[in-house]
Amino acid sequence: MKSKSVKPRLAACAAFAALLTAAFFATESGAQPNSVKKIADGVWFREGDMKQGHSNNTIIEMKDYLIVVDANFPSGARLALADAKKLSPKPVKYVFITHHHGDHDYGSAVWTSNGATTFAYKAVVDELNRYEPARWREAAKSRKDVAELNRDTPEYPKETFDKSPYILKDSTREVQFLFFGWAHTRGDGFAWLPKERVLATGDASTNGPYNNTADANLGNWPKVMEAAEKLHPQFVLPGHGPSGGPEILTGQASFMVELRKAAQQAADRGKKLEDIVTMKDGKPVATAIVLPASAQHWVGNSLPTQVMNAYSEVTQKKPAGDVPHQ
Ligand SMILES: [Zn+2]
């Protein structure tokens with residue numbers, strides 16, 4: 001009798017504990033927005049909620065402080081900061097901005113007002129100079145969290161580095177900040193933990209149909225992925241979508257190869273943009289291009305825009321990011 005009454009209670013306790021754990025620590029491989037997953041001792045991956053436009057974050061514990069990868073949007077920054085406080089009493093000292101896009105950068109002022117120093121590869125500042133404050137002002141029209149910061153332009157990284165790797169190191173850990181060239185943006189930075197073999201990529205790699213190719217160099221993107229693969233990471237933490245292994249890098253590279261190849265073949269056959277991309281209200285809404293099965297994990301609603309960018313790149317013979325934006 002006793003064991004009968006105890007067992008269900010234990011089971012209920014275990015179920016409750018599992019529920020609590022699942023709420024904060026994701027253990028499954030599928031998408032888990034707002035979850036935090038331990039990757040290695042003192043290294044956590046926070047999956048952003050894409051319904052709110054958030055990016056992923058990586059939280060790295062050093063001896064006396066924390067490093068966070070990506071500033072996120074302001075609302076995402078607050079969520080990531082709250083989770084960092086749950087994980088460790090140490091302060092967030094550094095926030096590494098992987099690139100200039102709002103979902104990785106616009107929360108910068110949230111972090112610095114909480115005592116952190118933001119930093120980035122120097123080309124991120126060049127990108128901000130190139131595209132801002134127009135994009136900030138546009139974002140502030142639709143995003144309350146951006147508008148509420150009452151700024152006219154993004155807060156720039158407080159520090160930059162121009163030689164890769166830039167290294168932060170103490171007695172417990174080494175973190176390298178790397179630049180491999182122009183892929184997603186001209187400033188793509190990576191955070192690499194050589195001992196733990198953890199690579200945080202920003203949007204240079206995404207795990208799923210989340211690629212934004214507007215500022216990209218599609219032709220060079222696979223080369224950047226190859227350089228990242230040479231590190232032989234065990235864990236790859238993408239800018240969007242769940243964490244995984246090096247298959248994210250190889251898959252991302254092959255998606256870019258197939259996308260560009262399909263655009264090139266269409267151009268070679270004399271197809272015009274309107275033959276392969278359907279526009280509505282000035283925006284690409286459908287495409288006749290079908291990518292092979294191996295690339296389907298990266299194919300989603302953005303494919304018509306990606307095809308348009310790829311077609312621009314191959315026909316104008318310059319990176320998509322250098323083609324004037326439509
Ligand atoms: Zn991006």
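# Asking why: buried residues, a zinc site and some empty space

Reader: Ser 108 lies in helix 4 (residues 108-112). Why does Ser 108 count as buried?

Author: First, keep in mind that this is a predicted model. The cut-off for buried is under 20% relative accessible area. Ser 108 has 0% relative accessibility, so it counts as buried.

Reader: What does the side chain of Ser 108 reach?

Author: The backbone oxygen of Asp 105, at 2.7 Å. A polar contact needs a pair of N or O atoms within 3.5 Å, and the 2.7 Å of this pair fits that limit.

Reader: How do you know which residues hold the zinc ion?

Author: Donors are N, O and S atoms within 2.8 Å of the metal. His 99 (NE2), His 101 (ND1), His 184 (NE2) and Asp 203 (OD) coordinate the zinc ion at 2.2 to 2.3 Å, and those distances satisfy the cut-off. Along the chain, the donors follow the spacing H-x1-H-x82-H-x18-D.

Reader: What do His 184 and Asp 203 tie together?

Author: His 184 sits in the loop between strand 9 (174-179) and strand 10 (189-193), while Asp 203 sits in the loop between strand 11 (198-202) and helix 8 (221-229), so the pair ties together parts that are 19 residues apart in sequence.

Reader: What makes the arrangement around the zinc ion irregular?

Author: To count as tetrahedral, four donors need all their angles between 85 and 135 degrees. Here the four donor atoms subtend angles of 85 to 169°, so the tetrahedral test fails at the upper end, and the arrangement comes out as irregular.

Reader: And His 184 and Asp 203, are they buried or exposed?

Author: Use the 20% cut-off again. His 184 has 1% relative accessibility, so it counts as buried. Asp 203 is buried too, because its relative accessible area is 5%.

Reader: How much space lies in the largest pocket, and which residues are closest to its centre?

Author: About 1300 Å³ of space lies in the largest pocket. It is lined by 39 residues, and the closest to its centre are His 101, Arg 135, Asn 212, Ala 214 and Thr 305. You've met His 101 already, as one of the residues that coordinate the zinc ion. The elements that give two or more residues to this lining are helix 3 (102-105), helix 6 (134-142), strand 14 (283-287) and helix 11 (303-316). By class, the lining has 13 nonpolar, 18 polar and eight charged residues.

Reader: How many cavities of 30 Å³ or more does a search of the whole structure find?

Author: Two. About 40 Å³ of space lies in the second largest cavity. Among the residues that line that cavity are Phe 45, Asn 56, Val 69, Asp 70 and Leu 237. Strand 3 (57-61), strand 11 and strand 12 (235-238) are the elements that give two or more residues to the lining. By class, the lining has five nonpolar, five polar and one charged residues.

Reader: What is special about the bond that joins Glu 132 and Pro 133?

Author: That peptide bond is cis, with omega about 10°. Pro 133 is in the loop between helix 5 (122-131) and helix 6. The peptide bond from Ser 164 to Pro 165 is cis as well, with omega near 5°, and Pro 165 is in the loop between strand 7 (159-161) and strand 8 (166-169). They're worth pointing out because most peptide bonds are trans.

Reader: What makes the phi of Asn 150 worth a look?

Author: It is near 55°, a positive value in a residue other than glycine. Most residues other than glycine have a negative phi. Asn 150 is in the loop between helix 7 (144-147) and strand 7. His 232 also has a phi near 55°, and it lies in the loop between helix 8 and strand 12.

Reader: Why are Asn 150 and His 232 called exposed?

Author: Exposed means over 50% relative accessible area. Asn 150 has 70%, so it is exposed. His 232 has 57%, so it passes too.

Reader: How do you know whether Ala 123 and Pro 89 are buried or exposed?

Author: Put each value against its cut-off. Ala 123, in helix 5, has 10% relative accessibility, which is under 20%, so it counts as buried. Pro 89, in the loop between helix 2 (74-87) and strand 5 (92-96), has 85%, which is over 50%, so it counts as exposed.

Conventions. Residues numbered from 1 in each chain as written. Predicted model: local features only at pLDDT ≥ 70, side-chain atom pairs only at ≥ 80, totals over all residues. Heavy atoms only, no water. 1 Å grid on protein atoms, 1.4 Å probe; cavity = no way out; pocket = protein on both sides within 12 Å on 5 of 7 lines; lining within 4 Å. Points joined across faces, edges and corners; volume = space filled by probe spheres on them. Helix = DSSP H or I, 4+ residues; strand = E, 2+ residues; numbered from the N terminus. Nonpolar A, V, L, I, M, F, W, Y, C, P; charged D, E, K, R; others polar. Donors = N, O, S within 2.8 Å, 3.2 Å for Na, K, Ca; no water. Tetrahedral: all angles 85-135°; square planar, octahedral: opposite > 155°, others 65-115°. Buried < 20%, exposed > 50% of the residue type's maximum accessible area, 1.4 Å probe, protein only. Polar contact = N/O pair within 3.5 Å; in protein donor to acceptor, adjacent residues only side chain to side chain.
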